[in-house]
Amino acid sequence: MLDHNRTQAALKGLVFIFVLILPLGLAPPSVAAETQEMAGSFIRSLADQAIKSLTQKDTPRDVKIKRFRTLFNDSFAVRSIGRFVLGRSWRKASKEEQTEYLKLFEDLMVVSYVDRFSRYAGDVLVITRTRAENPRNTTVFTKVKTSSTGKPAKVLWRVGSRGKIMKIVDVIVEGVSMSQTLRSEFSSIVRQKGGKVSGLIEELRKKTKSLKASGQ
Amino acid sequence: MFCRKGMFLGAWVGFPANRAVFAVNRGLDAAFLKPVAMAYRDMTPQFFQDRINDALDNLRAPVILFNDVLQGELERAVATVIRFLINSSLGLLGLNDIATDMGIEGHDEDFGQTLAVWGIPEGPYVVLPLFGPSNPRDAIGMVVDFLIDPFNTWAGNTDRNYAVYSRSAARAVDLRATHLETLNELEKSSLDFYASIRSLYLQRRINEISNGDPSANWPAPGIGQGPYRETKLKTQEAFRTQ
């Protein structure tokens, strides 16, 4: 009787292993492969979209900015990046400061990246491989052949995913991460302003204003 | 050693004179190097620029090989030797990088990277006069690379110091010309150009030391935190309307 119980327990254990543990080991690779594929085609379609909407020479800059803003908000995790870039200061900022900061951050990104992005988009982008970093993050490795220099640039796109929704969380050009660089820069400004986020907001306001006015 | 902590540590610690030296370097760049690089880029046909770039790269082969070997990267060392032999002969004294066309791509190495591979810490971030962003490890690396470079030995032994100066000048102009646009854009959009360059330098070095193999642990923003909800809803709408 006792033996029988034991066997049953062992069987239950086995079933438990098969039902719970095995899928954990088996399912992720296929899910990851699917996510990787999705991330790749996400970047591909983004590049195609950018070529269509940003590379015509006769489009005025303010129209380009408008289009890029839509594209940027649709395909980048703007708020998450903004928050990451502010680092520890995010928590020190008041609700109003956070809102204003995020608005200015989006502005800065749009006006300072529109030219760079249109330039990259006009060039040939080739996806070399994709790599799953963790269940939610995929890196899409691309080579971008710029027209100005002979050697193609290595551009990595960090894509975060949640189900079917994909957003770019970072762009790494030749080993230099956009988020990382902004983070060091912003923290340096906050430090210079005596640890105040309001000081950074002031600088951001000045910068975006001058960038909009300069409009190449 | 190159965990995110180390990276940020390097960014936080720095010599107080750094900003001043950076400003002087920037002035010198604006007065001399940048105008020359611009003229070089605009007035030299791309073909000749590429040939000069290839020749300068080829001249670095001995130093690269030295460091490949010291880092125990034998495959890369062999590639460096083959590239040097092909490009110096068939490539007409290195003017044509035909090894790359044959599928043997080039890479760079320096003694600063070798020291890093050996586990020597980088020390504080230092802006050197004229040479720009560096740190004690990379500064030592620069000196060692200079001393072991057969080109410099040859020039020194045959009283051709001008060859060393011309090569350095050519390298500076070539390098500056390749980065003209990128640096212009960065300068324009930066809130703190010094901080941007410092971060750029630290990241570039980490990338070079790991031979361009980016870490999966690279700290990056994740989606799915607080602000995520709104964007998620927006995208879902976008998906629906498509």
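1. B:Leu28 is found in helix α2 of chain B. The coordinates come from a predicted model, and the points below should be read with that in mind. At 35% relative accessibility, B:Leu28 counts as partly exposed, because that class covers values between the 20% limit for buried and the 50% limit for exposed.

2. B:Leu28 also belongs to a nonpolar patch on the surface. The other members are B:Val24, B:Phe32, B:Leu130, B:Phe131 and B:Met142. Together these residues have about 660 Å² of accessible area. Helix α2 of chain B, residues 18-43, gives the most to this patch, with three residues.

3. A second site in chain B is B:Pro62, which lies in helix α4, residues 61-70. B:Pro62 has a relative accessible area of 26% and is therefore partly exposed. Its C-alpha atom is separated by 8.5 Å from that of B:Phe84, a residue 22 positions away along the chain.

4. Turning to chain A, the element count is seven helices and five strands. Read from the N terminus, the order is α-α-α-α-α-β-β-β-β-β-α-α. The five strands thus follow one another in that order, with five helices before them and two after.

5. How are the five strands of chain A arranged in the sheet? They form an open sheet in the order β1-β2-β3-β4-β5, with antiparallel pairing. The edges are taken by β1 (124-134) and β5 (176-177) of chain A. Each of these two has a single partner strand, so one side of each is left without a neighbour in the sheet.

6. Within this sheet, strand β3 (residues 153-162) of chain A runs antiparallel to strand β4 (residues 165-173) of chain A. Eight bridges join the two. In this part of the sheet, A:Leu156 stands opposite A:Ile172 of β4(A).

7. Some totals for chain A may be useful for reference. The chain has 216 residues, of which 46% count as buried. It exposes about 11500 Å², and carbon and sulfur atoms supply 59% of that area. Among contacts in chain A with a separation of 6 or more, 54% are between residues 24 or more positions apart.

Terms used:
Residues are numbered from 1 along each chain as its sequence is written. Chains are lettered from A and ligands numbered from 1 in the order in which they are written. This is a predicted model: local features need pLDDT of at least 70, side-chain atom pairs count only at pLDDT 80 or more; totals for chains, interfaces and linings use all residues. Side-chain values use heavy atoms; hydrogens and water are left out. Patches are made of residues with over 30% relative accessible area and no salt bridge: like charges are joined within 9 Å, nonpolar side chains (Val, Leu, Ile, Met, Phe, Trp, Tyr) within 5 Å. Accessible areas come from the Shrake-Rupley method with a 1.4 Å probe; for residues, only the protein chains shown count as cover. A salt bridge is a side-chain nitrogen of Lys or Arg within 4 Å of a carboxyl oxygen of Asp or Glu. Helices (H or I, at least four residues) and strands (E, at least two) are DSSP runs, numbered from the N terminus. Buried means under 20% relative accessible area, exposed over 50%, partly exposed in between (1.4 Å probe, protein chains only). Two strands pair if DSSP finds at least two bridges between them. Contact means heavy atoms within 4.5 Å.
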